[in-house]
Amino acid sequence: MAYLTINNLHKRFDDHVVVHDFNMSIEQGEFVTFLGPSGCGKTTVLRMIAGFETPTSGRICVGGEDITQQAAQKRGIGMVFQSYALFPNMNVTQNIGFGLKMRKCPADDIKRKVAEVIKLVELTGKENHYPHELSGGQRQRVALARALVVEPRILLLDEPLSALDARIRKNLREQIRDIQRRLGLTTIFVTHDQEEALTMSDRIFVMNQGRVEQEGRAEIVYTEPATEFVARFMGNYNLLGAADTNRLLGLNISGHLAIRPESIHVLDGHSQQDGTLAGTIRQHQLLGNIIRYQIESAGITLQVDRLNRTASDLMPAGTEVRLQISRDDMREVR
Amino acid sequence: MKSTSRLGAWVAIAIGTLYFVLPLIATFEFSLKMNRDGYSFEAYKVVLADPGFQATFGYSTLMAVLTIIVGILLVVPTAYWIQLKLPRLRPLVEFITLLPLVIPAIVIVFGYLKLYNSSSWLPLTGNERATDLLLMCSYVTLALPYLYRSVDAGLRAIDVRTLTEAAESLGASWPSILLQVIFPNVKSAILSGAFLTFAVVIGEFTMASLLGRPAFGPYLQLIGANRAYEPSALAIIAFMVTWASMGLIQVFARNARPARKTA
């Protein structure tokens, strides 16, 4: 039986339905991500799990216990906020120990547990610092420590890395994942960043307009998008409508065809290989380890990624090429 | 052009300063003239030694402290709840808290006398302690515009919702959230409101006079009507109390840690 189950969760604010019929189940120790654009309902679902919003209908159960109407204080669910939400009047030790103090733990236990978790999040030496004396990354680690020290049944992370710069974000996401694995903590992470979702999650729920568009293992969601929305959101997929697909590839489909940019092979313009398409490079973007080309073929512009191995790999605009796309790399989406 | 406008500004400041400071200097100078043979603090000695001064100042100080305590207990949870759960009611509450500035104190106190006179269903003017209670409540009403605005501004400077939710997720009860998370973070705003309240209550005349209580305001009026130099000394003392309150507001505002939404 799943550890966290959500059945037919529905949330309406006045006339506006924010979450439609949301269903999910999570196993203990799993790291799940709600991925989607702003306003898709992912944070609202998280807030309903935390107990900060009451569902219009539906049921939330943790470990077989129905917590739908339970007060947030009694749920034993930890939360890390995007804005850190550290108590400005308390130093690092007091912030982290707050939850234990509320649970009336003995002072010695609080001291020991706080010291352990400070070590875990690598904040040794900052014990007496106040939040305004810490950097963004340090504040978020205090917030994480504060949520972890009370040993929550489920840890909720509401876009915890969004306010941080790229380097700190990368370090912190590795640290969060490492701690989550070590503690075997059931975790739900909310983000609009597909890279974050792919690197951290066991499973991803892609959300759009209050509904789950697709749910599955990270690699599956990326390589096998179920809908046009997921294909657009997860990567720089080339999405071809039925008419374009027919014109370019001679295939008859009803929805859209999604082709990943890295799955299109660029061959020499003089190549005589069967099943290839003629194309002309219109422009390119250097993205570090890859070069992204805009290649026009049959009047349709395709994005194509190639590894940036040497400077001589770069093909200038106007170069005639042949494109090879395997049928296995084409995916029909709704 | 720029130097002309700067000169104009300095002239305006000078006129304004003179308008405010000259009467004070004159009052102070007059208060030092009680002894015919030169300047002295005789008027201050007389005033400070007067049992009437000690009694009324002590009474008003006590009333101010009680007003502040009751006002804080009323305003902080109200402003917090409005911010957290009932933001739609904010305009209504702001309107209500502004009413004491619009309705003259004499109207309010006549209303009280009508409602709570000795033959009413709640005869708060029937004995001294009950009248003290009524006076304190009326001071709370008078202080509402200052106290509510200070506290509301303090609450807006922190992210009340997220701090509350963070505390809730850590298992904190509502009293713990208010006392350990919200109060400490709006402390300087509460103190600002408290000092304003203190200054208002110390000098208040109408309500204390009409309710017949021995407060500092009626004492000031009594001395002013019967003595020559002592009223000037009292006026300067009253100003000093007000200035001390304002100075303390500045001190606490400056000592408050840098404003942050949620740190």
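## The build of chain B

Follow chain B along its sequence and you meet the pattern α-α-α-α-α-α-α-α-α-α-α-α. Its secondary structure amounts to 12 helices and 0 strands. Keep in mind as you explore that this is a predicted model.

The C-alpha trace of chain B spans about 75 × 70 × 30 Å along its principal axes. Chain B has 263 residues, and 38% of them count as buried. Looking at contacts in chain B with a separation of 6 or more, 75% come from residues 24 or more positions apart.

## Two helices that pack together

A good place to zoom in is the pair formed by helix α3 (residues 51-84) and helix α9 (residues 187-203) of chain B. Their axes lie 9 Å apart and meet at an angle of about 140°. Because of that angle, α3(B) is oblique to α9(B). The crossing of α3(B) past α9(B) is right-handed.

Which residues of α3(B) and α9(B) meet? On the α3(B) side they include Ser60(B), Met63(B), Ala64(B), Ile68(B) and Gly71(B). Among their partners in α9(B) are Ile190(B), Ala194(B), Thr197(B) and Phe198(B). In this contact of α3(B) with α9(B), 10 residues are nonpolar, 4 are polar and none is charged.

## A recorded domain in chain A

Turning to chain A, an unreviewed UniProt entry lists residues 4-234 as "domain: ABC transporter". In the model, residues 4-234 of chain A are 39% helix and 27% strand. The C-alpha atoms at the two ends of this span are 26 Å apart.

Technical notes. Residues are numbered from 1 along each chain as its sequence is written. Chains are lettered from A and ligands numbered from 1 in the order in which they are written. This is a predicted model: local features need pLDDT of at least 70, side-chain atom pairs count only at pLDDT 80 or more; totals for chains, interfaces and linings use all residues. Helices (H or I, at least four residues) and strands (E, at least two) are DSSP runs, numbered from the N terminus. A residue is buried if 20 or more other C-beta atoms lie within 10 Å of its own, exposed if 12 or fewer, and partly exposed in between; C-beta atoms are placed from the backbone. Two residues are in contact if their C-beta atoms, placed from the backbone, lie within 7 Å. UniProt positions are given in the numbering used here, feature names are shortened, and annotations may be inferred rather than shown by experiment. Axes are lines fitted to C-alpha atoms, for helices over the stretch in contact, and angles run from 0 to 180 degrees between N-to-C directions. Angles under 35 degrees count as roughly parallel, over 145 as roughly antiparallel, 65 to 115 as roughly perpendicular and the rest as oblique. A crossing is left-handed if the near helix is turned anticlockwise from the far one by less than a right angle, and right-handed if clockwise. Ala, Val, Leu, Ile, Met, Phe, Trp, Tyr, Cys and Pro count as nonpolar, Asp, Glu, Lys and Arg as charged, and the others, Gly among them, as polar.
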